[in-house]
Amino acid sequence: QVQLVESGGGSVQAGGSLRLSCVVTGRIVSINAMAWYRQAPGKQRELVAVITSTTNYADSVKGRFTISRDNAKNTVYLQMNDLKPEDTAVYYCNANVRTTTWNMWDYWGQGTQVTVSS
């Protein structure tokens, strides 16, 4: 069983910063891509950033957010700077995990709320 546990969400004023963390635990052979998604009220879930050997970002967060990972700790981070009210959403961690030689699955965290006030 693989679990993703997120932390670091909260409330902040516009221009502030938050750092999200997501630890992957359980039966892990290896982890391929790790990513952060977000879902605002009434909107579809969207990709914020993804990291493999490279990183990619949604245009709306480029230059403000930084995704990184610590492979020894099976952890992915999202450093969010210069936050804006439109960044308010539930943020979800996603990991593509190889659990056996033949099986690779996508797993999701439970989500962490980020609220940015103007």
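Does Thr100 count as buried or exposed, and at what relative accessibility? I will start there and then work through the rest of the structure. Please keep in mind that this is a predicted model.

Thr100 counts as buried, because its relative accessibility is 17% and the cut-off for buried is under 20%. The residue is found in the loop between strand 9 and strand 10. Its side chain reaches the backbone nitrogen of Asn103, at 3.1 Å. If we set aside residues up to four places away in sequence, Thr100 touches Arg27 and Val29.

Now the two strands on either side of that loop. Strand 9 and strand 10 form a hairpin, with five residues between them. The two run antiparallel and are joined by five bridges, strand 10 being residues 104-108. One position to look at is Asn96, which stands opposite Asp106 in strand 10.

Staying in strand 9, which covers residues 89-98, we come to Asn94. How is Asn94 placed, buried or exposed? Asn94 is buried, with a relative accessible area of 6%. The side chain of Asn94 reaches the backbone oxygen of Tyr107 at 3.4 Å. Tyr107 is also in the list of residues that Asn94 touches, once those up to four places away in sequence are not counted. The others on that list are Leu4, Ala33, Met34, Ala35, Tyr37, Asp106 and Trp108.

Next, the open sheet. Four strands form it, in the order 1-3-8-7, and the pairing is antiparallel. Which strands stand at the edges? They are strand 1, residues 2-7, and strand 7, residues 65-70. Each has a single partner strand, so one side of each is left without a neighbour in the sheet. On average, neighbouring strands of this sheet are turned by 15 degrees against each other, with direction ignored. As background, strands of a sheet pair through backbone hydrogen bonds, either parallel or antiparallel.

Let me take the two ends of that order in turn. At one end, strand 1 is joined to strand 3, residues 18-26, by six bridges, and the two run antiparallel. Val2 has Gly26 of strand 3 as its bridge partner. At the other end, strand 7 and strand 8 also run antiparallel, joined by six bridges. There, Ser68 stands opposite Tyr77 in strand 8.

Strand 7 and strand 8 make a hairpin with four residues between the strands, and in that hairpin Asn74 takes a positive phi near 50 degrees. Why mention the sign? Most residues other than glycine have a negative phi. Asn74 is a residue other than glycine, and its phi is positive. It is found in the loop that leads to strand 8, residues 75-80. Asn74 is partly exposed, with a relative accessible area of 23%.

Where is Asp82, which has a positive phi as well? Asp82 lies in the loop between strand 8 and strand 9. Its phi is about 50 degrees, although it is not a glycine. Asp82 is partly exposed, at a relative accessible area of 41%.

On to Gln39, in strand 4, which is residues 30-39. Gln39 is partly exposed, with a relative accessible area of 28%. A polar atom of its side chain lies 3.1 Å from the backbone oxygen of Lys43. Leaving aside neighbours within four places in sequence, Gln39 is in contact with Gln44, Arg45, Ala89, Val90 and Tyr92. Gln39 and Gly111 are 72 residues apart along the chain, and their C-alpha atoms are separated by 9.4 Å.

Two of the residues in contact with Gln39, Arg45 and Tyr92, come up again in the last topic, which is rings. Over which rings does the charged end of Arg45 sit? One is the ring of Tyr92, with the charged end 3.7 Å from its centre. The other is the ring of Trp108, with the charged end 4.7 Å from the centre. Trp108 appeared earlier, among the residues that Asn94 touches. As for rings paired with rings, a search of the whole structure finds one aromatic pair.

To go back to the opening question: Thr100, in the loop between strand 9 and strand 10, counts as buried at 17% relative accessibility. That is all I have.

Notes:
Residues numbered from 1 in each chain as written. Predicted model: local features only at pLDDT ≥ 70, side-chain atom pairs only at ≥ 80, totals over all residues. Heavy atoms only, no water. Pairing = 2+ DSSP bridges. Axes fitted to C-alpha atoms, helices over the stretch in contact; angles between N-to-C directions. Buried < 20%, exposed > 50% of the residue type's maximum accessible area, 1.4 Å probe, protein only. Polar contact = N/O pair within 3.5 Å; in protein donor to acceptor, adjacent residues only side chain to side chain. Contact = heavy atoms within 4.5 Å. Phe/Tyr/Trp six-rings, centres within 6.5 Å; stacked < 30°, edge-to-face > 60°. Lys NZ or Arg CZ within 6 Å of the ring centre and 35° of its normal.
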